[in-house]
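Trainee: I should like to learn how internal spaces, sheets and buried elements are read from a model. Could we work through one case together?

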Amino acid sequence: MRVLVIGGGGREHALCWKLAQSARVDALLAAPGNAGIAQVAECVEAPGNPAELARFAADRRIDLTVVGPEAPLCAGVADAFAERGLALFGPSRVAAEIEGSKAFAKDFLARHRIPTAAFGVFDDAAAAERFAEQRGGDVVVKADGLAAGKGVFVCHDVDEAREAVRDMLVRGALGEAGRRVVVEERLDGEEASLMALCDGEHAVALDAAQDHKRALDGDRGPNTGGMGAYSPTPALPPDLARHAMETVIFPTLRGLSEEGRTFRGLLYAGLMIVRGEPIVLEFNCRFGDPETQAVVPRIDEDLAPLLEACARGRLARRAIAFRPGSAVTVVLAAAGYPGAYAKGAPIDGLDFAAAEPDAVVFHAGTRREGDRVVTAGGRVLGVTGLGADVEAARERAYAAVAAIHFDGMHYRRDIAARALGGRG
């Protein structure tokens, strides 16, 4: 099987790393890839236009294309591949709207009576502010469109809510993505990420994970695309994960199919666990980042046939095998991230980190310059440790982190501490 992976981040490195181990994969290509992906796959330049990308895949005789980021899916890359009869892991444009528009997703949840927070959708700042004021400012303000994980503002009072609304609807801080906003009640509980492989009718859960969105220890600082993750998580134990499949994932698949939006690919439900019940915060139409870097290394079977079965509508409803224990991923970010950041800083210690037992270094924002690997993004690396339990996995991740250095490098030192009762 010839496989093409679209994307060049840490999620895509984790997918390529796993797919490269498959007995089914004869050739593995990545577009554009990064310095780490180049160690396990052929990195190629490919067109961004969906129709041209489909033509590229046909010319390269690709048997399966796996799309990492949300933007190509929301732009209709799966539809372009379907027109050529090419297998692609990822939903159609209309199915991907479950992530592409938070307003659509919230309305969908309400229509199908899937648990979610009370909300309003606004393109008028005054109306959005009134809604927030009625709830004492204890709300979450979300950009409707794609904002690379940075369009969510958790507010604790009216002033914070007003600023978030005005930033998007008045000042245009997020451009087109923020021209419409969702304002919803802020829920108190434990967050968890539940990802499921879907073929349009059937769905199979991956082990749950917990992401860390804030930039600084103790969940302080601005929201980011994710500063680390661990899996599995006590926030969503197996029995509760099965309950979430029955109350969230399966009703969502059925509802999308009923609306002519059959979903094939990875459905990600961001959940808040409130008094033992999973409540939907958001959906993604693709593998999470950095959750993938914590979940995929524990999959104890060949990933390629699972993704192909989803793409072709042939997924068997069965449990996926996971290796026992835990995985913890720590993201190493560039100075200034999630704001403006510099590129081109040389990265030292990668070989030493990779030599740590039960540790894997996934590249996110890197490129090769001569014989050096340098920074090329805000989130630069994701370091994953594996262990018999979360404490052991965490120790291995941070031991590998200690071997790495680049100017301005920063990271959270409390990833997975919550699973240990808050111990850092």
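The dialogue below takes up cavities, a pocket, a sheet and some buried elements in turn.

Mentor: Please keep in mind throughout that this is a predicted model.

Trainee: Let us begin with enclosed space. How many cavities of 30 Å³ or more are there?

Mentor: The general idea is that rolling a probe the size of a water molecule over the atoms shows where empty space is left. In this model the count comes to two cavities of 30 Å³ or more. The largest cavity holds about 80 Å³ of space, and the second largest cavity about 40 Å³.

Trainee: Which elements give two or more residues to the lining of the largest cavity?

Mentor: They are α5 (93-100), α6, β9 (181-185) and β17. Helix α6 supplies the largest share, four residues. The lining includes Lys102, Ala105, Lys106 and Leu109, together with Glu282 and Phe283. By class, six lining residues are nonpolar, six are charged and none is polar.

Trainee: Is helix α6 itself mostly covered or exposed?

Mentor: Helix α6, residues 102-111, is mostly covered, with seven of its 10 residues buried. Those buried residues are Lys102, Ala103, Phe104, Ala105, Lys106, Phe108 and Leu109. Just after α6, Arg113 adopts a positive phi of about 55°.

Trainee: What lines the second largest cavity?

Mentor: Its lining consists of Gly10, Asp289, Pro290, Gln293, Val331, Ala364, Arg379, Leu381 and Gly382. Strand β22, residues 379-387, gives the most, with three residues. The classes here are four nonpolar, three polar and two charged.

Trainee: Gly10 appears in that lining. How many residues of α1 are buried?

Mentor: Helix α1, residues 10-19, has nine of its 10 residues buried. Gly10 is one of them, and the buried set also includes charged side chains such as Arg11, Glu12 and Lys18.

Trainee: Turning to open space, how much lies in the second largest pocket, and which residues are closest to its centre?

Mentor: About 480 Å³ of space lies in the second largest pocket. It is lined by 22 residues, of which Ala205, Leu206, Pro238, Ala241 and Arg242 are the closest to its centre. The elements giving two or more residues to this lining are β11 (203-205) and α9 (238-258). Helix α9 gives the most, with six residues. By class, the lining of this pocket has 16 nonpolar, one polar and five charged residues.

Trainee: Both of those elements lead me to ask about sheets. What is the strand order of the open sheet that contains β11?

Mentor: In general, strands of a sheet pair through backbone hydrogen bonds, either parallel or antiparallel. Here the open sheet has four strands in the order β11-β10-β16-β17, with antiparallel pairing. Strands β11 and β17 (277-284) stand at the edges with a single partner strand each, so one side of each lacks a neighbour in the sheet. On average, neighbouring strands of this sheet are turned by 35° against each other, direction ignored.

Trainee: Where does α9 pack in relation to this sheet?

Mentor: Helix α9 packs on the sheet and touches β10 (190-199), β11, β16 and β17. The direction of α9 makes about 45° with that of β17.

Trainee: How many bridges join β16 and β17?

Mentor: Strand β16, residues 264-274, pairs with β17 in the antiparallel sense over seven bridges. As one case, Gly270 has Glu282 in β17 as its bridge partner. Glu282 also belongs to the lining of the largest cavity.

Trainee: Finally, why is strand β18 described as largely enclosed?

Mentor: Eight of the eight residues of β18, residues 326-333, are buried, so the strand is largely enclosed by the rest of the structure. Both of its faces are covered: Ser326, Val328, Val330 and Leu332 lie buried on one side, and Ala327, Thr329, Val331 and Ala333 on the other.

Trainee: Which residues are paired between β18 and the strands β15 and β22?

Mentor: Strand β15, residues 228-231, and β18 pair in the antiparallel sense over four bridges, and Tyr230 has Val328 in β18 as its bridge partner. The pairing of β18 with β22 is also antiparallel and runs over eight bridges. In that pairing, Thr329 stands opposite Thr384 in β22.

Notes: Residues numbered from 1 in each chain as written. Predicted model: local features only at pLDDT ≥ 70, side-chain atom pairs only at ≥ 80, totals over all residues. Heavy atoms only, no water. 1 Å grid on protein atoms, 1.4 Å probe; cavity = no way out; pocket = protein on both sides within 12 Å on 5 of 7 lines; lining within 4 Å. Points joined across faces, edges and corners; volume = space filled by probe spheres on them. Buried < 20%, exposed > 50% of the residue type's maximum accessible area, 1.4 Å probe, protein only. Pairing = 2+ DSSP bridges. Axes fitted to C-alpha atoms, helices over the stretch in contact; angles between N-to-C directions. Contact = heavy atoms within 4.5 Å.
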